[in-house]
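Please work through the exercises below with the sequence and the structure at hand. Try each task before reading its solution.

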Amino acid sequence: MKKGWPISIAKLILSLCLMMQGMFASSQVERPKLSAQFDSLPIENALLTIENQTNYRFYYDKTAFDTTKVSLNANNISISDALESILVNTGLNYSIDVSEKNVFITKGLLVQTTLPSNFYKSDTVQNQSSAVESAMLFKPGSDDKEVILLGRGDESGVNRVTISGTVRDEKTGEPIISASVYIQNPNIGVITDQFGTFTIMLPKGRHTLNVQSIGMEDIERQILVKGESSLNIVMQSRILTLRNVIISTQKTNNIRNTQLGVQKLDIKTIKQVPVVFGEADLLRVVATMPGVKTVGEAATGLNIRGGSVDQNLMLFNDANVYNPAHFFGMFSAFNPEVVKEVEVFKSSVPAKYGGRLSSVVNITGREGNKKNFAGSAGIGLLTSRLTLEGPIIKDKSSFIVAGRSTYANWLLNLLPDQYKNSKADFYDANLLLNHEFNKNNTVYLTGYLSNDRFNLNSDTFFHYKNFNYNLKWKHTFNNRLYSLINIGQDKYEYKITSERNPVNAYALSFNVRQSYFNAHFNYFINSKHTLEFGLNTLLYKLLPGDYVPVGSESLAAPLHMPFEQALESALYISDRFNITKDLTLDAGIRYSMFNYLGPYEVNNYPQGVPKRVENMTGTTIYAKNKIIHTYHGPEIRIGIRQMLSNTMSLKAGYNSLRQYIHMLSNTAAMAPTDIWKLSDPNISPQFGDQFSLGLYKNLKSNTIELSVEGYYKRIKDYLDFKSGAILVLNSHIETEVAKTQGTAYGIEFLAKKLTGKLNGWVGYTYSRILLKADQAETGEFLNNGKIYPANYDKPHDLTLVSNYRFSHRFSTSFNATYSTGRPITLPIGKFRYAEGERTLYGPRNGHRIPDYFRMDFSMNIEGNHKVHQRTHNSWTIGIYNLTGRKNPYSVYYVSENGVINGYKLSIFGSAIPFVNFNIRF
Amino acid sequence: MKRVLPIIAFLPVLFAGCKEMYDPGIINPETGYLVVEGFINSGSEPTSISLSRTTKLTENIFSKPELNASVTVEGDDNKSFSLVSTSPGIYSSAQPLTLNTAVQYRLKINTANGNEYVSAYSSIKHSPVIDSITWKRENGGVQIYVNNHDDNPNEKSYYRWTFQEIWEIRSTYLSNLKYETNTSGNPVRVIYKYPDQSPDYSMYYCWQNSRSANILLGSTERLSQNVIYLPITHIQQGSIKLGVLYSIEIKQHALSKNAYDFYLQMKKNTEQLGSIFDPQPSDLRGNITCTSNPGEIVIGHVEVNKEENKRIFIYNSQVPGWGYSRFCDIVSIANNERSIIENLQYMPIAPEEFNLDGSIKSFSASAGTCVDCQTRGSNIKPSFWPN
């Protein structure tokens, strides 16, 4: 209820309260005595004990104090002494009203039990003149279960009676303007006038009366209307920061919206979660949500509901980031300082998104401070970072620039041998600008750059880079219609160089570039229909490989693979239709089309014959910009929601998606050498659809969200690698991959509490992803055409993420995660060949590495919160992998000096302490 | 920062070894698939094929030879050559095969359990010779390279190499003594080994050898010229191999693209695993199929091939500052039964003091490995050895 108070105000109120408490104490009347002994009893039980001994009734917010424990050792002492004794150190206050019947327990604010002597003056006059029942008073802190009687029953037989009164601010006594006073059934409401007064006609009988006003605590009371009455309402101001208001409006989103499988995380939550080396890591936190997995600690690629890592559309302010990983893939390349929140669509993907099969990970950047210049700097084990922000034109436009860089080479010595003799350098930079031309026109500019260079235990250097920029224009036509126009370019490239052997020294580069234009319209027709529609168009230009010699001695033959080009376009429309109060349908259709464009030389294979090199019947050359091949088809996006009660809903959904660009990989983790390939006449697009069903329930006034979701998903024409596939610099890649059909299903349970001292979530998932490659066209059945699990198939997954806030300055976080070990291919036999002992590999992904279990702990310490100081600082100190368990990343067998040895490799084989320092200015 | 520094300081201590030996325990499925190794030799040596069976990972068996099979080389001209078992699992032709360049050949195996296996047909392939073996000092050690070229510039070449190293070992001390034993075999005193008191060179000069254990492959696929210059092996500085004289013989097989891919996959599956971005292992497909039980796993890639050899020598004098040394201390032992028994870890080198009668009173001795090189190699001199 009172989170996020600026500490200075809280202190002020507290001191006021203490003063007032002293006042009350001195004006004691003779109060009953009581005796009780208890230790660490929940406050609810303690107060009940006192209630039983006295005539007092206690009023307090049960949910807010549910974790408070109190102790008392009292022998015949007064109630005020007893209360002071038990409430000491809890930060709670009490006040006893003049009737000596009611005790209000509050946090921080003290309930005033008396009002200024002239407060009711006008009402009294009114009462006398109209001779109605004397004014009743609503005020915060009273029991909302209590039914308040309004008016004396009159015999006139009139059904509706008039209730009139005023709404005032408790603190200042000023009238509150434009407060709404209403009942819901039937729907009758009025707004207070400039003087804070209102008149409302209500049917006789029992109602729930609501009073709401911006910046005030909502009031909800049971009333029993018997006759004309006047009613005076006192509202308490709500001192909250803006962020909390946002949360409260989102409270019921999870049950109210029609989408399934959507998870939203704000940056505050993300920063609380301890991660390795203490770098707040967006994707690692996303991976703690049910249904999201990674192959292990050396991989940030997400496997969402059985999807492969390339099936996620990773958007940062609409820019598609292809390889958002740093430092051998150990952590993600999004700077937490510029991120506001991340939203993951695992099932219901809005029609405006497309092009990837499994999910959309939508990362929204912050907007810079429009009033003042500000900044932050941080230093951790892995990176140091600097962020600057401020207005360009005050209140109109702002900017954020942020950068991170590493000095992490020293850490490499601490990693397994696999990283020995390695080097790593990386940085990322962000630029975010926005400008509001007027109320209806705002533009946003986003720039993103991440750059990695490393070598891994060899003389080969890897270098990869993401570079993205876009411009977005938001235009509001009127209250009901707005548009978003977006234009930009995404680029991902890598380069591998090897120079040790001068004769073979080479450099290999790859890049993919996409230019896009998106137009999106949102049209609120009426309370029943909201329409979204628009078009996306995306031009790909992909360089599959460029191989050049390095140095004068090199004999490496230059090989310039021709560019690939394609145009992906889509039109979409979706309607959110509120069929009844409780039933809402969100139906959308997206029609996508993919044109593979020349110039290109396409390999030809006869119909019905496996695509193998020996079956190739030559090539066909296509001219520039000629459409070589077109794929197209509809994508259906349907979600339906039925409210079962105010706090419970049932949702069902069906989604289908198409993917026209594929990542080809034969490594376990997403490697910087993985190439992307456009669909072409020989490689068809992937198609996936998903049925899902979910039940959502909120508890304790929407502070606890419970959900269970089940899904069944089909994946068509996913590309898995054939044995011994050569994927780089291959002009006939279709011969190296096998079209694979996948089936994924699962059930996800999630309990989430995002407010209160104790917050976090616990999720459990049971899920499977099974693949099968038995198409004759492949020419080779993977795993003999039998079903095999994908290498990220981890059926059981239990994750706890928690944070406990001891005070505004100190909180602790704790994670625990367990999952089934991932599948790997293990040898089924050994033999001697080529002078050494060799292994024979069995069914693909036929075995599993040992299960994964990890616990992490961290403490977040904020510097003092004095308003007037130059800088605010904070520390994060923690331990990753508390138990030091050697969680395996892989198990493998190697022939060493002719003998087979089995090894288990753990990336982090011990407890890893970390520390991070941040400063804001 | 005061609080931070101690934490960072003890970080390295907390990182433990992250790679450890692993035994999955229960993984022991049925195995015993046929493994065929060798090539149909188009050169001047007989053809030799080795047949064995895969064994369980947990089985402590060097190799399980396949016995009583009948092995023939068949040409598509219907001519065939039988191979006969010369030792367990080894099937060889008595004479070099006379193959016709216009004919394609395959291997046919009939195992004792009644199954028939055939390899794909292949023909005699052009096999470039090894131009040279070169070496240079790298990181103090010696890096050995193989060089060759193929004049046919349009042809991409694929190669596999194996090598055998031989190096001369010399004992630190040359001995002319030996122990004289009593009837129960215990040494009682030292005497001259030979009546003329000459030293025993059979314990002084020895030769040790080792073979390549890794699969060495190379191709000119990505090169503009059909030229190979590839590292074969590295000798660490100070290694005994170059203590006196070292020799390496490299054998080269020119492969088809398919055979190259087979060996590459085997290499990936068994040698290039465990790093973060290495490809995942997968099944291995050769060119041999079981005709009587299609789908049965058979391991092996057999084609018509020829072996090209080349040998070089490197003398210790060519690698200045090599720094091979062996610590060998000398002790003095009285020539009587008791002190000899007390110092049995030593071997006699030469007399030190003499009794008045000229017999040996005491003698110098050193550790066995310092006196008798046979503890570290064989004293049979290879026929090609220049020294």
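The exercises that follow concern a predicted model, and each solution goes step by step.

**Exercise 1. Find the domains of chain A, and state how far apart the centres of domain 1 and domain 3 of chain A lie.**

Solution. Begin with the domain assignment, which gives chain A a domain 1 at 7-107, a domain 2 at 121-235 and a domain 3 at 255-920. Then take the centres over C-alpha atoms: those of domain 1 of chain A and domain 3 of chain A are separated by 52 Å.

**Exercise 2. Locate A:Glu228 and decide whether A:Glu228 is buried, partly exposed or exposed.**

Solution. First place the residue in the chain: A:Glu228 sits in the loop between strand 13 (219-225) and strand 14 (229-235) of chain A. Next count the neighbours: a residue is buried at 20 or more other C-beta atoms within 10 Å and exposed at 12 or fewer. A:Glu228 has 19 C-beta neighbours inside 10 Å, and therefore counts as partly exposed. Finally, look for a partner far along the sequence: A:Gly151 is 77 residues from A:Glu228 in sequence, while their C-alpha atoms are 5.2 Å apart in space.

**Exercise 3. Work out the strand order of the open sheet of 5 strands in chain A, and name its edge strands.**

Solution. Reading across the sheet, the order is 15-22-23-18-19, with mixed pairing. The edges are strand 15 (262-266) and strand 19 (319-320) of chain A, each of which pairs on one side only. At one of these edges, strand 18 (residues 312-316) of chain A runs antiparallel to strand 19 of chain A, and 2 bridges join them. Within this pair, A:Phe316 has A:Ala319 of strand 19 as its bridge partner.

**Exercise 4. Describe how strand 40 and strand 41 of chain A pair, and whether the faces of strand 41 are covered or open.**

Solution. Strand 40 (residues 661-664) of chain A pairs with strand 41 of chain A in the antiparallel sense, over 4 bridges. One of the residues involved is A:His662, whose bridge partner in strand 41 is A:Lys677. Now consider the two sides of strand 41 (residues 675-678) of chain A: A:Ile675 and A:Lys677 lie on one side, A:Trp676 and A:Leu678 on the other, and all of them are buried, with both faces covered.

**Exercise 5. Identify the residues with the most contacts inside the largest nonpolar core, and list what A:Leu282 touches.**

Solution. The largest nonpolar core has 109 residues, and the most contacts inside it belong to A:Leu282, A:Val286 and A:Val361. Leaving out residues up to four places away in sequence, A:Leu282 touches A:Ile270, A:Ser332, A:Phe334, A:Pro336, A:Val339, A:Val342 and A:Ile363. Apart from this core lies another, of 72 residues, which includes B:Tyr105, B:Ile228, B:Tyr229 and B:Val371.

**Exercise 6. Explain why chain B is called more spread out than a compact globule.**

Solution. Start from the make-up of chain B, which has 4 helices and 26 strands. The radius of gyration of chain B is 28 Å, whereas the globule rule gives 21 Å for 387 residues; the value is well over the rule, so chain B is more spread out than a compact globule. The C-alpha trace of chain B spans about 85 × 75 × 50 Å along its principal axes. Of the 387 residues of chain B, 33% count as buried.

**Exercise 7. Describe the side of chain B that touches chain A, and find a strand pairing that joins the two chains.**

Solution. The contact takes 61 residues from chain B and 63 residues from chain A. On the side of chain B, helix 2 of chain B gives the most, with 6 residues. By type, the residues of that side divide into 31 nonpolar, 18 polar and 12 charged. For the pairing, look at strand 56 (residues 899-905) of chain A and strand 1 of chain B, which run antiparallel and are joined by 3 bridges. In this pair, the bridge partner of A:Leu905 in strand 1 of chain B is B:Lys19.

How values were computed. Residues numbered from 1 in each chain as written. Chains lettered and ligands numbered in written order. Predicted model: local features only at pLDDT ≥ 70, side-chain atom pairs only at ≥ 80, totals over all residues. Pairing = 2+ DSSP bridges. Domains from an automatic or database assignment. Core = buried A, V, L, I, M, F, W, Y, C linked by C-beta atoms within 7 Å. Contact = placed C-beta atoms within 7 Å. Rg over C-alpha atoms; globule rule 2.2 N^0.38 Å. Nonpolar A, V, L, I, M, F, W, Y, C, P; charged D, E, K, R; others polar.
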